[in-house]
Amino acid sequence: MPLSRLFRFHVLTGGAVLLTGLVLSGCADARTSARVPETRLPMAPPVNENDQRFADWLTEFRLEAMKAGITGATFDRAMRDVAPDEDVVAADQNQPEFVKPVWDYLKGALSDKRVARGKALLVENKALLDRIEKAYGVDRSVVVAIWGLESNYGDHMGTQNVVRSLATLGFEGRRPEFGRAQLIAALKIIQAGDIQPEEMLGSWAGAMGQTQFIPTTYLAHALDFDGDGRRDIWHSTADTLASTAHYLQVSKWQTGGHWGFEVAMPAHFDYALADMSLTKSIAEWSKLGLKRADGRAFPATDTEETASLLLPAGYKGPAFLVLNNFRSILVYNASTSYALAVSLLSDRFKGMGEIKRGWPYDERPLTRSEREELQALLTAKGYDHGKADGIIGYNTRKAIRSYQQSVGLPPDGYPTASLLERMRTN
């Protein structure tokens, strides 16, 4: 009688299947069975349920990647030994409870050391930056400022394996469709030969290289400016800076334009106008009483350009009229604090960029839980803004303005500890 066998299956992360056989019965002849000692093979460890889920996901995703043009060889090489990264899961699922106030963020971004090194690199790379500026029309100081803020001029690009990070986000991130799309883009970059999988390092969220492109941005805008046949934003200064300038160019950068101006506010100004979704020409803002904080006139070339009024710390802090080029930087990173840091750092390289008005240091920024509480209070008081998620976006700012107007406060839409306390008691 033939031997019967039970096979235990183990799915390896590379997609291979391991079969371990265990003899369960011998011949029907009891006398023969008695003469053959029982053989016990070591049992394979049980498959972890999450490992099995990831293996199933990987099998499904491999088909998706191949439909997108990824070869089996590229996929198997890049994904070999990939497993979910718990640090990435934690970073993705946990918002920080405390957020730096904008003045502390700018203090680090505009440090004397960062400014001095940026100035030196502008001199050191003058010939390269001449070529880049001529090709793409983007102010070299802004390109170098992004370089400085994103990776401290290439010193800190991130240490996470981008393929593993994106596989984790695609498998169990808050936005799995984002993770999958970025992972396919990363595999296309590897397949093109621009970088080896083990060298594709970046942040936990998949941002890569010296100016932190996500893979889809890399595919669309990265350049081989040094002519070596590869787009390399990890090791090539030329490719890094040219790719950054190209991205800003296609984000509607206006050659020779300004990013914006710090402005002084007139008394009894309508702070409801301080909204990034609202634009007026500089001439119109001037008629409303806004003047440059340094006392100079607005450039005649800018008077018809549209601008928005930005109050990064509410009506008690500095105010800025921000123009088209500021919005181009926002395409790179949607944070107004980041765009302001890039803009001011680029000015510092030129001996400018000092902020005239002081910051409201007495206004403590809200923690995440306090922001959620504020949103819940807005809803309870009839000012709808959507979900109470601790994210102060457009709808929440609009709701805050409505509440501020109802109680006679300047409607700047800025959440503060004093505003929250008033809402608790009013």
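A residue counts as buried when its relative accessible area is under 20%. Keep that cut-off in mind for these close-ups, which all come from a predicted model.

**Figure 1. Gln212, a loop residue with a positive phi.**
Here we look at the loop between β4 (201–202) and α11 (215–221), where Gln212 is found. Gln212 has a relative accessibility of 14%, which is under 20%, so Gln212 counts as buried. Now check the backbone: phi is positive at Gln212, about 55°, even though Gln212 is not a glycine. For some background, most residues other than glycine have a negative phi.

**Figure 2. His268, another loop residue with a positive phi.**
His268 sits in the loop between β5 and β6. Its phi is positive too, at about 60°, and His268 is not a glycine either. Is His268 buried or exposed? With a relative accessibility of 84%, His268 counts as exposed.

**Figure 3. An open sheet made of 5 strands.**
Read across the sheet and you get the order β6-β8-β9-β5-β7, with antiparallel pairing. Which strands stand at the edges? They are β6 (280–281) and β7 (291–292), and each has a single partner strand, so one side of each has no neighbour in the sheet. As a reminder, strands of a sheet pair through backbone hydrogen bonds, either parallel or antiparallel.

**Figure 4. Strand β9 and its partners, β5 and β8.**
Strand β9 covers residues 319–322 and pairs with β5 through 4 bridges, in the antiparallel sense. Two of the residues to find here are Leu321, the bridge partner of Phe261, and Ala319, the bridge partner of Val263. Strand β9 also pairs with β8, again antiparallel, and this time over 3 bridges. In that pairing, Phe320 of β9 is the bridge partner of Leu310. Now follow the side chains along β9: Ala319 and Leu321 point one way, while Phe320 and Val322 point the other way. All four of these β9 residues are buried.

**Figure 5. Arg292 in strand β7.**
Arg292 is a charged residue, yet its relative accessible area is 12%, so Arg292 counts as buried. What does the side chain of Arg292 make a polar contact with? The partner is the side chain of Asp294, at 2.9 Å. Leaving out neighbours within four places in sequence, Arg292 is in contact with Phe261, Glu262, Val263 and Ala264, and also with Ala297, Phe298 and Pro299. Ala264 and Arg292 are 28 residues apart along the chain, but their C-alpha atoms are separated by 6.0 Å.

**Figure 6. Ser343 in helix α15.**
Helix α15 runs over residues 336–348, and Ser343 is part of it. Ser343 counts as buried because its relative accessibility is 1%. The side chain of Ser343 reaches back to the backbone oxygen of Ala339, at 2.8 Å. Setting aside residues up to four places away in sequence, Ser343 touches Trp259, Phe326 and Ile329.

**Figure 7. The largest pocket, with about 2,000 Å³ of space.**
How many residues line the largest pocket? There are 50 of them, and those nearest the centre are Val99, Ala334, Ser335, Thr336 and Ser337. Several elements give two or more residues to this lining, including α4 (86–93), α5 (102–109), β8 (306–310) and α15. By class, the lining splits into 29 nonpolar, 12 polar and 9 charged residues.

**Figure 8. The second largest pocket, with a volume of about 590 Å³.**
This pocket is lined by 27 residues. Nearest its centre you'll find Trp259, Gly260, Arg292, Asp347 and Met352. The elements that give two or more residues to the lining are β5 (260–264) and α15. Sorted by class, the lining holds 11 nonpolar, 7 polar and 9 charged residues. You've met two of these names already: Arg292 is the residue from strand β7, and Trp259 is touched by Ser343.

**Figure 9. Zooming out to the whole protein.**
The protein has 18 helices and 9 strands. Out of its 426 residues, 45% count as buried. Look at contacts between residues at least 6 apart in sequence: 65% of them join residues at least 24 apart.

Conventions:
Residues numbered from 1 in each chain as written. Predicted model: local features only at pLDDT ≥ 70, side-chain atom pairs only at ≥ 80, totals over all residues. Heavy atoms only, no water. Buried < 20%, exposed > 50% of the residue type's maximum accessible area, 1.4 Å probe, protein only. Polar contact = N/O pair within 3.5 Å; in protein donor to acceptor, adjacent residues only side chain to side chain. Contact = heavy atoms within 4.5 Å. 1 Å grid on protein atoms, 1.4 Å probe; cavity = no way out; pocket = protein on both sides within 12 Å on 5 of 7 lines; lining within 4 Å. Points joined across faces, edges and corners; volume = space filled by probe spheres on them. Pairing = 2+ DSSP bridges.
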